[in-house]
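This report goes through selected local features of one protein model, from its core outwards. The sequence and structure come first.

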Amino acid sequence: MSTFRSEFLKTLEERGFIHQQTDAVGLDELAAKGPITAYIGFDCTARSLHVGSLVQIMMLRWLQKTGHKPIVLMGGGTTRIGDPTGRDEARKMLTDADIADNMAGIRTIFDKFITFGDGAQDAIMVNNADWLDKLGYIDFLRDVGRHFSVNRMLTFDSVKLRLEREQPMSFLEFNYMILQAYDFLELNQRRECRLQMGGSDQWGNIVNGVELTRRVAQKEVFGLTTPLLTKSDGSKMGKTASGAVWLNEEMLPAYDYWQFWRNTSDADVGKFLRLFTELPLDEIKRLESLGGSEINEAKKILANEATAMARGRDAAEAAAETARKTFEEGAAGEDLPRITATGSIALADAMVQLGLAASKGEARRLIKQGGARVNGEAVADEAFVIALGAEAVKISAGKKRHGLVEAG
């Protein structure tokens, strides 16, 4: 039974989104009274977000579905610095053109999950460069910097862990948490934003924003974080042997995205269905209770629902049909990743180009360990070369990842 009255927090609690809150009772009362405005910030470090950001995106979706207004804050200003949280070194500096290009790519992701517009509960996207670019350094230090204790800033994990590992942190990066806190103050004053949400690694930054807004604007605002999301084996969500699982189609085909969810471990199915689909909770309980090979049906449903949300229902159905033909009929589905080559190509090179291995070294190890197949036949020779003819050649890495090589 949920401890909350508001539909928004009740939904987040039941589906496993909530880790920490600055004032759970106060936020619940506010959300139960009527619409609130909340935001999550995303820096523009690539042209796409990956599934590691999907928990935050789904929170914004549930926020809107339960009658509230989401703000997607793009870090056009803070991306120039880079969030030091969880990192041992400074992020690569991006040009303004790079940041603008990345922002355009990221915008297309949110269009799939939330509705933008001018209505009371329509989402808006804003760019913190709109106010950060205009700050005068001395004025900012005097008006905002005085509210921050360096002693306390040194206790936050984003700083403390870096220093404990004796990794250098520039003064530029040290300022990141102040700028993020200032974002909350600006959004409160500009948009009457009352809630900042984010991952658990952002707790210190969020608390700073809550406290700064209370002190400067004398407004009661709130913070909420999600648990650190890891898979049952302890590995980080969103990373595979082939690299990041990108949300944008141009950076990861729909079939590969579908396969990522289909390959979920048995222990993670229920958790992922709650977080990444909108299936009713009773149905999720039924699916996660399936035993033996029946749990694979739950994984297919997870893959279908998650892919439909990010890529569209047609793309999900096409990916599912490709998987069915590939695994159940032994055929080569239309949506498998494909490359072309002239005459011949080394198996290790083909595996890297198809995204079946992250490097030639990894491909050779997989081949040597018996994990590679060519047209269904195991190949153990690391130097194996594929001779191409009229028919496409099917390459497999393990039992679940496949691709095609065609003569160019």
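## Helix α3

Of the 12 residues of α3, 11 are buried, so this helix is largely enclosed by the rest of the structure. Buried means under 20% relative accessible area, exposed over 50%, and partly exposed in between, with a 1.4 Å probe and protein chains only. The model is a predicted one: local features need pLDDT of at least 70, side-chain atom pairs count only at pLDDT 80 or more, and totals for chains, interfaces and linings use all residues. Residues are numbered from 1 along each chain as its sequence is written, and side-chain values use heavy atoms, with hydrogens and water left out.

The buried set in α3 consists of Leu54, Val55, Gln56, Ile57, Met58, Met59, Leu60, Arg61, Trp62, Leu63 and Gln64. From first C-alpha to last, α3 reaches 16 Å, close to the 16 Å expected for its 12 residues at 1.5 Å a residue; the expected span is 1.5 Å times one less than the number of residues. Helices (H or I, at least four residues) and strands (E, at least two) are DSSP runs, numbered from the N terminus. Just after α3, Gly67 has a positive phi of about 95 degrees.

## Nonpolar cores

A nonpolar core is a set of buried Ala, Val, Leu, Ile, Met, Phe, Trp, Tyr and Cys residues joined through side-chain atoms within 4.5 Å. The largest such core has 68 residues, of which Leu54, Phe110, Trp261 and Phe276 touch the most other members. Helix α3 (residues 54-65) gives the most to this core, with 8 residues. Ile71, Val159, Ile206 and Leu212 are included in a second, separate core of 31 residues. In soluble globular proteins, nonpolar side chains tend to be buried together.

Leaving out residues up to four places away in sequence, Phe110 touches Phe42, Leu49, Ile57, Leu60, Val72, Met74, Phe116 and Met125; contact means heavy atoms within 4.5 Å. One of these partners, Phe116, has Arg107 over its face, at 4.0 Å from the ring centre. A charge sits over a ring if NZ of Lys or CZ of Arg is within 6 Å of the ring centre and within 35 degrees of the ring normal.

## Aromatic pairs and cluster

The whole structure holds 8 aromatic pairs. In the case of Tyr257 and Trp261, the ring centres are 6.1 Å apart and the planes stand at 75 degrees, so this pair is edge-to-face. Rings of Phe, Tyr and Trp (its six-membered ring) pair if their centres lie within 6.5 Å; planes under 30 degrees apart count as stacked, over 60 as edge-to-face and the rest as tilted. Tyr257 and Trp261 are 4 residues apart in helix α12 (residues 254-262), and are therefore separated by about one helical turn. Tyr257 is buried at 0% relative accessible area, and Trp261 is buried at 0% as well.

Trp261 also pairs with Phe276: the centres are 5.0 Å apart and the planes at 55 degrees, so the pair is tilted. Because Trp261 lies in helix α12 and Phe276 in helix α13 (residues 269-276), the pair ties together parts that are 15 residues apart in sequence. Tyr257, Phe260, Trp261, Phe272 and Phe276 form one aromatic cluster. Arg311 lies over the face of Tyr257, at 4.7 Å from the ring centre.

## Thr79

Thr79 is in the loop between β3 (69-74) and α4 (96-113), and is buried at 4% relative accessibility. A polar atom of the Thr79 side chain lies 2.4 Å from the backbone oxygen of Gly75. Not counting residues up to four places away in sequence, Thr79 touches Asp43, Cys44, Thr45, Leu94 and Ile99.

## Residues outside the buried set

Two loop residues other than glycine have a positive phi: Glu192, near 55 degrees, and Gln218, near 55 degrees. Glu192 is placed between α10 (176-191) and β5 (195-199) and is exposed at 62%. Gln218 is found between α11 (203-217) and β6 (222-226) and is exposed at 60%.

Arg364, in helix α18 (residues 360-368), is partly exposed at 33% relative accessibility. Apart from neighbours within four places in sequence, Arg364 is in contact with Ala348 and Glu382. The C-alpha atoms of Arg364 and Glu13 are 45 Å apart, with these positions 351 residues apart along the chain.

Conventions: Polar contact = N/O pair within 3.5 Å; in protein donor to acceptor, adjacent residues only side chain to side chain.
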